[in-house]
Amino acid sequence: MHKFEKIWITLGTSSLALFLIILGISAVHGGHTPAASGIETINPEHVRDDERFKEPGLVEATSGDHDYDLYFVASAFMYEPGEVEIPVGSKVKVHVTSPDVVHGFQVVGTNINMMAEPGLISTYDMTFDEPGEHLILCNEYCGVGHADMTSKLKIVDGGTTND
Ligand code: CUA
């Protein structure tokens, strides 16, 4: 009985050790981070120094198969830009990040529902086929001003402006 117990403990300990070694090796070699693959990282303390987020808003795409890139900074307790006009029918890649805490980024009436996390840039590809307005809401509790965090997408005919 004593002998079997010893074997059992050895087996348990060594399988745990083996598991940790495999985990450690794969973490280092794969460069794994808590972020899902394909998600870009950004230093949350230097979001404002990043060209893309200096004056966030709609810009014509210079690469990829989309028409526009739409950059948003979600911070306590506002979104920048506070309102965006998007030409109807455009294919837009939305990029969102946060310089402070985790915020939500839900575009009402669309499938866009992301988290804006400090250190990460969340993206979503969306084609806006119907003219109209979409409210943007924060759906992650982020503090006293949580309920006041809103922005708006206006899907319009013709040209664009950025606020
Ligand atoms: Cu930002 Cu809730």
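Here a colleague and a modeller talk through a sheet, a lysine and some cysteines in a predicted model.

Colleague: Let's start with the open sheet: what is the order of its 5 strands?
Modeller: Remember that we're looking at a predicted model. The sheet is open and its pairing is mixed. Reading across its 5 strands, the order is β5-β11-β10-β7-β8.

Colleague: Which strands stand at the edges, each with a single partner strand?
Modeller: In the order β5-β11-β10-β7-β8, look at the two ends. A strand there has a single partner, so one side of it is left without a neighbour in the sheet. The edge strands are β5 (84-87) and β8 (113-116).

Colleague: And how much is the twist from one strand to the next?
Modeller: Sticking with that open sheet of 5 strands, the figure is an average. From one strand to the next, the twist averages 20°.

Colleague: Take β7 next. In what sense does it pair with β10, and over how many bridges?
Modeller: Two residue pairs help here: glutamine 106 has leucine 137 as its bridge partner in β10, and valine 107 has isoleucine 136. β7 covers residues 103-107 and β10 covers residues 132-137. They run in the antiparallel sense, over 2 bridges.

Colleague: Over on the β8 side, what is the bridge partner of glycine 104?
Modeller: β7 and β8 also pair in the antiparallel sense, this time over 4 bridges. Their hairpin has 5 residues between the strands, and glycine 109 takes a positive phi near 85° there. As for glycine 104, its bridge partner in β8 is methionine 115.

Colleague: How many of the 5 residues of β7 are buried?
Modeller: β7 pairs with β10 and with β8. The strand is mostly covered, and the number buried is 4 of 5.

Colleague: What does lysine 154 count as: buried, partly exposed or exposed?
Modeller: This lysine is found in strand β11 (residues 150-156). Beyond its neighbours within four places in sequence, lysine 154 is in contact with Glu83, Val84, Glu85, Ile86, Gly132 and Glu133. Its relative accessibility is 21%, and buried means under 20%. So lysine 154 counts as partly exposed.

Colleague: How far apart are the C-alpha atoms of lysine 154 and serine 14?
Modeller: Along the chain, these two are 140 residues apart. The separation between their C-alpha atoms is 60 Å.

Colleague: Last one: what does the count of disulfides come to?
Modeller: A disulfide is a covalent bond between the sulfur atoms of two cysteines. Cysteine 138 counts as buried at 9% relative accessibility, and cysteine 142 counts as buried at 13%. The rule asks for a pair of cysteine sulfur atoms within 2.5 Å. By that rule, the count of disulfides comes to 0.

Methods. Residues numbered from 1 in each chain as written. Predicted model: local features only at pLDDT ≥ 70, side-chain atom pairs only at ≥ 80, totals over all residues. Heavy atoms only, no water. Pairing = 2+ DSSP bridges. Axes fitted to C-alpha atoms, helices over the stretch in contact; angles between N-to-C directions. Buried < 20%, exposed > 50% of the residue type's maximum accessible area, 1.4 Å probe, protein only. Contact = heavy atoms within 4.5 Å.
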